[in-house]
Amino acid sequence: MPLDTERLLAQARQLTGLEDFGDPDFRVGLDVLAASMDEADFDDFGTMASEGTVLGLLCNRLAVEAWYGANPQIADERIERPIFTIGLSRTGTTALSHLLSADPGNRSLLNWEGSQPVPPPSPETYRTDPRFLKAMEDPFGALGERNPEFRTAHHDPPDMPVECLVVMAQHFVSLSLPTMMFLPSYQRWVIDADHAGAYAWHERVLKLLQSGGVRGRWQLKSPHHPLALDDLIARYPDARFIVTHRDPAVVVASTISLVRILQSTFTGVDHLDSIRPLFTDMLVTMCERTMAARDRYGDDRFVDVAYRDLVTDPVGAVRRLYADLGEELTPEAEAAMAAHTQEHRQNRFGRHSYTFEGLGLSRGAINERFATYQERFGQYYDHEG
């Protein structure tokens, strides 16, 4: 059944004792999301989880607006020259963002604070904040316990960077929701939605988070960003971009497999036949819009990184990346990154396994869809498998 948004809005107000949700533009995405919920084929857990997710997002909006009301000077904070990793899903964006977070000079959006940004963390309590400690008690959470296969495909520990989608979901323009749950109508709407309000909210939350004193060069990431680079750049005009590259046929197959795994947490219905074209089309659109944005804004704002380099020589890849960005990689940061790679090895939670045949995919057909992308960026990847 569609979500009862009025009931959830009232419940959020009651739980927090707050009234102001901020920019009412968020209601557009919320209403589209609510209408799409009847497509999801939720089981009982899915129904409960979807309502709980929306309620939590609404409570976060209320908390953020209340904090601004009590601390209006936060609006004067500045987010300067942020770095966004915007490669497609399954191209090493998570591993790279985790590696970059090891640099003390970088400011990352950590999982625990993205999920509960109020109050902003302080340098003294960044690793002892009750929200952090609670999250670390159960790093896989209820979803990991319910669906152990989830952690083999993707895992964002509470003390590591999380995608910007966590914040953008608070404005209800976010691919995190239709990736986790089967919401095709909402997903199609997000792809072509106006993202200006979502990035305004994104900046609002980043300003709040750094206002507590945990500062640095923001390094952020999400495969979602290619959908709306014009809106992102309008909000962050001095932003720089890292584009990770991997064999697009593998990207498509791995993404579809991941989505199928994630959505099985909330429903007993296998939507593979719908997921396959929906996500293939979306990934093609992301590539097309990234290339178009590079043509408009110039390649000098974008740094290309090969997935194979992140796997074979991650610190070396970052060393070259910093040089291309014009940033200094200090000995302290390089040593921290080297230590990170030793502790956080690929497949440490198990191997994500899938086949083209099992997913009903044709490598040749995918290659045809990505022919323009491959012609332009094929030098950055090898065909896998």
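**Notes on a predicted structure**

1. At 33% relative accessibility, G105 counts as partly exposed, in a model that is predicted. This glycine, G105, sits in the loop that runs between α4 (93-100) and β2 (106-108). Setting aside residues up to four places away in sequence, G105 touches G216 and R217. A useful distance for orientation is the one to G56, which is 49 residues from G105 along the chain, with 31 Å between the two C-alpha atoms.

2. A second glycine in a loop can be read in the same way. G212 is found between α12 (196-211) and β3 (217-221), and with a relative accessibility of 25% G212 counts as partly exposed, because the buried class ends at 20% and the exposed class begins over 50%. Once neighbours within four places in sequence are left aside, G212 is in contact with P120, P121, S122 and P123. G212 and D4 are 208 residues apart in sequence, and their C-alpha atoms are 36 Å apart in space.

3. Is H271, which lies in a loop, buried or exposed? The loop in question joins α14 (248-263) to α15, and H271 has a relative accessibility of 10%, so H271 counts as buried. Its contacts, not counting residues up to four places away in sequence, are with E39, A40, D41 and F182.

4. The nonpolar interior deserves a careful look. In soluble globular proteins, nonpolar side chains tend to be buried together. Here the largest nonpolar core holds 92 residues, and the members that touch the most others are V54, L58, F84, F172, F241 and F370. Helix α15 supplies the largest share of this core, with eleven residues. Another core lies apart from it and has 18 residues, including L96, A102, A333 and M337.

5. Two leucines show how parts of the chain meet. L58 touches L8, L9, A12, F21, F26, L30 and F172, when residues up to four places away in sequence are not counted. L30, which lies in helix α2 (residues 26-36), counts as buried because its relative accessibility is 1%. Leaving aside neighbours within four places in sequence, L30 is in contact with T5, L9, V54, L58 and F172. The C-alpha atoms of L30 and H171 are separated by 7.9 Å, although these two residues are 141 residues apart along the chain.

6. Which residues lie nearest the centre of the largest cavity? They are L88, V243, C287, T290 and Y373, out of 13 residues that form the lining. The elements that give two or more residues to this lining are β4 (240-245), α15 (272-297) and α20 (371-377), and α15 gives the most, with four residues. By class, the lining of the largest cavity comprises nine nonpolar and four polar residues, and no charged ones. The volume of the largest cavity is about 90 Å³, and the count of cavities of 30 Å³ or more comes to two.

7. The second largest cavity has a volume of about 50 Å³. It is lined by I83, L100, N106, Q219, Y322, L325 and E327, and this lining divides into four nonpolar, two polar and one charged residues.

8. Among the pockets, the second largest has a volume of about 270 Å³. Of the 14 residues that line this pocket, S101, D103, N106, Y126 and R127 are the closest to its centre. The lining of the second largest pocket has six nonpolar, three polar and five charged residues. N106 is thus named both here and in the lining of the second largest cavity.

9. How many disulfides does the model contain? The count comes to zero. For C164, the closest cysteine sulfur is that of C287, and the separation of 19 Å is too far for a bond, because a disulfide requires the two sulfur atoms to be within 2.5 Å. C164 has 0% relative accessibility and therefore counts as buried. C59, at 17% relative accessibility, also counts as buried, because that value is under the 20% cut-off.

Terms used: Residues are numbered from 1 along each chain as its sequence is written. This is a predicted model: local features need pLDDT of at least 70, side-chain atom pairs count only at pLDDT 80 or more; totals for chains, interfaces and linings use all residues. Side-chain values use heavy atoms; hydrogens and water are left out. On a 1 Å grid over the protein atoms alone, a cavity is a set of points where a 1.4 Å probe fits but cannot get out, and a pocket is an open set with protein on both sides within 12 Å along at least five of seven lines; lining residues have an atom within 4 Å of a point. Grid points are joined across faces, edges and corners, and a volume is the space filled by probe spheres set on the points. Ala, Val, Leu, Ile, Met, Phe, Trp, Tyr, Cys and Pro count as nonpolar, Asp, Glu, Lys and Arg as charged, and the others, Gly among them, as polar. Buried means under 20% relative accessible area, exposed over 50%, partly exposed in between (1.4 Å probe, protein chains only). A nonpolar core is a set of buried Ala, Val, Leu, Ile, Met, Phe, Trp, Tyr and Cys residues joined through side-chain atoms within 4.5 Å. Contact means heavy atoms within 4.5 Å.
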